[in-house]
Amino acid sequence: MRQPDPPSTKEPAKNHSRSQDLEKLKWEFFQLAEESDRNRAGLALESLLNRLFQLFELQPRSPFRVLGEQIDGSFVLDGQVYLMESKWEKAALSEAPLLVFRGKIEAKSTFTRGVFIALHDISEPARDAITRGKAPSFFVMNGHDLLMILSETISLHDFLRQRVRLLGEEGRVCVPFAELLLKPSAAGQST
């Protein structure tokens, strides 16, 4: 009977393959940044994100419709489902798309959460509007965050877990990337 390979042999190969795939996604991300048709870039971004979440085995679901509304996708992290919305506009987003996304989340269940990926971040008034009077049910990921994941500065799992924790503990929807790496919760959780 053949003995299975020790984990230390398989893990480096898996990590090397993931690194190569992340490098390809990063190159594609830079190409999309130069795309003049922002609609086309936005649709391609949905595909890129789906492949990124698949690479980290987060069971992504491609864009879908529910009761007449478009959902850009979803994924599963630690047994919890997260809805995903992505926007790649030329400037920081106003509050309107964020409030619409919050409504989509609230219409699903009390335990539904989400991630709003705003490549050029969100405006200060939008930050205030999405937390005023309501408990936030999603957090915002920006282009710098995505680039740090694609560059392997932090794993997607660690990034998401840190952001979920900050959302749950402090109600923080937007967190500068530099603050994430300072949080002790990142130690030993890399997957």
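The legends below describe close-up views of a predicted model.

**View 1. Overall layout of the protein, with seven helices and six strands.** Along the sequence, the elements follow the pattern α-α-β-β-β-β-α-β-α-β-α-α-α. The protein has 191 residues, and 43% of them count as buried. Its accessible surface comes to about 10,300 Å². Carbon and sulfur atoms hold 53% of that surface. Take the contacts between residues at least 6 apart in sequence: 59% of these join residues at least 24 apart.

**View 2. An open sheet of four strands.** The strand order is 3-4-5-6, and the pairing is mixed. Strand 3 (73-77) and strand 6 (138-142) stand at the edges. Each has a single partner strand, so one side of each is left without a neighbour in the sheet. Neighbouring strands are turned against each other by 30° on average, direction ignored.

**View 3. The pairing of strand 4 with strand 5.** Strand 4 covers residues 80-87, and strand 5 covers residues 113-118. The two run in the parallel sense and pair over six bridges. One residue pair to pick out is glutamate 85 with its bridge partner in strand 5, phenylalanine 116.

**View 4. Two helices that lie across the sheet strands.** Helix 2 (residues 38-55) lies across strand 3, strand 4 and strand 5. Its direction is at about 150° to strand 4. Helix 6 (residues 156-170) lies across strand 3, strand 4, strand 5 and strand 6. Helix 6 runs at about 135° to strand 6.

**View 5. Helix 2 from end to end.** The helix has 18 residues. From first C-alpha to last, helix 2 reaches 25 Å, close to the 26 Å expected at 1.5 Å a residue. At its start, a side-chain oxygen of aspartate 37 comes to within 3.0 Å of the backbone nitrogen of asparagine 39. Buried residues of helix 2 include Ala41, Gly42, Leu45, Leu48, Leu49, Leu52, Phe53 and Leu55. Arg38 and Glu46 are also among the buried residues. After the helix comes glutamate 57, with a positive phi near 55°.

**View 6. Asparagine 50, a residue of helix 2.** Why does asparagine 50 count as buried? Its relative accessible area is 18%, and the buried class covers values under 20%. Leaving aside residues up to four places away in sequence, asparagine 50 touches Pro60, Arg61 and Ser62.

**View 7. Two loop residues with positive phi, glutamine 59 and aspartate 121.** Glutamine 59 is found between helix 2 and strand 1 (64-66). Its phi is about 50°, although the residue is not a glycine. Glutamine 59 is exposed, with a relative accessible area of 56%. Aspartate 121 lies in the loop between strand 5 and helix 4 (124-129). Aspartate 121 is not a glycine either, and its phi is about 65°. At 22% relative accessibility, aspartate 121 counts as partly exposed.

**View 8. Phenylalanine 30 and leucine 147, brought together from 117 residues apart along the chain.** Their C-alpha atoms are separated by 9.4 Å. Phenylalanine 30 belongs to helix 1 (residues 7-33). Is phenylalanine 30 buried, exposed or partly exposed? Phenylalanine 30 is partly exposed, at 40% relative accessibility.

Notes. Residues numbered from 1 in each chain as written. Predicted model: local features only at pLDDT ≥ 70, side-chain atom pairs only at ≥ 80, totals over all residues. Heavy atoms only, no water. Pairing = 2+ DSSP bridges. Axes fitted to C-alpha atoms, helices over the stretch in contact; angles between N-to-C directions. Contact = heavy atoms within 4.5 Å. Expected span 1.5 Å × (residues − 1). Buried < 20%, exposed > 50% of the residue type's maximum accessible area, 1.4 Å probe, protein only. Polar contact = N/O pair within 3.5 Å; in protein donor to acceptor, adjacent residues only side chain to side chain. Areas by Shrake-Rupley, 256 points an atom, 1.4 Å probe, with all protein chains shown as cover.
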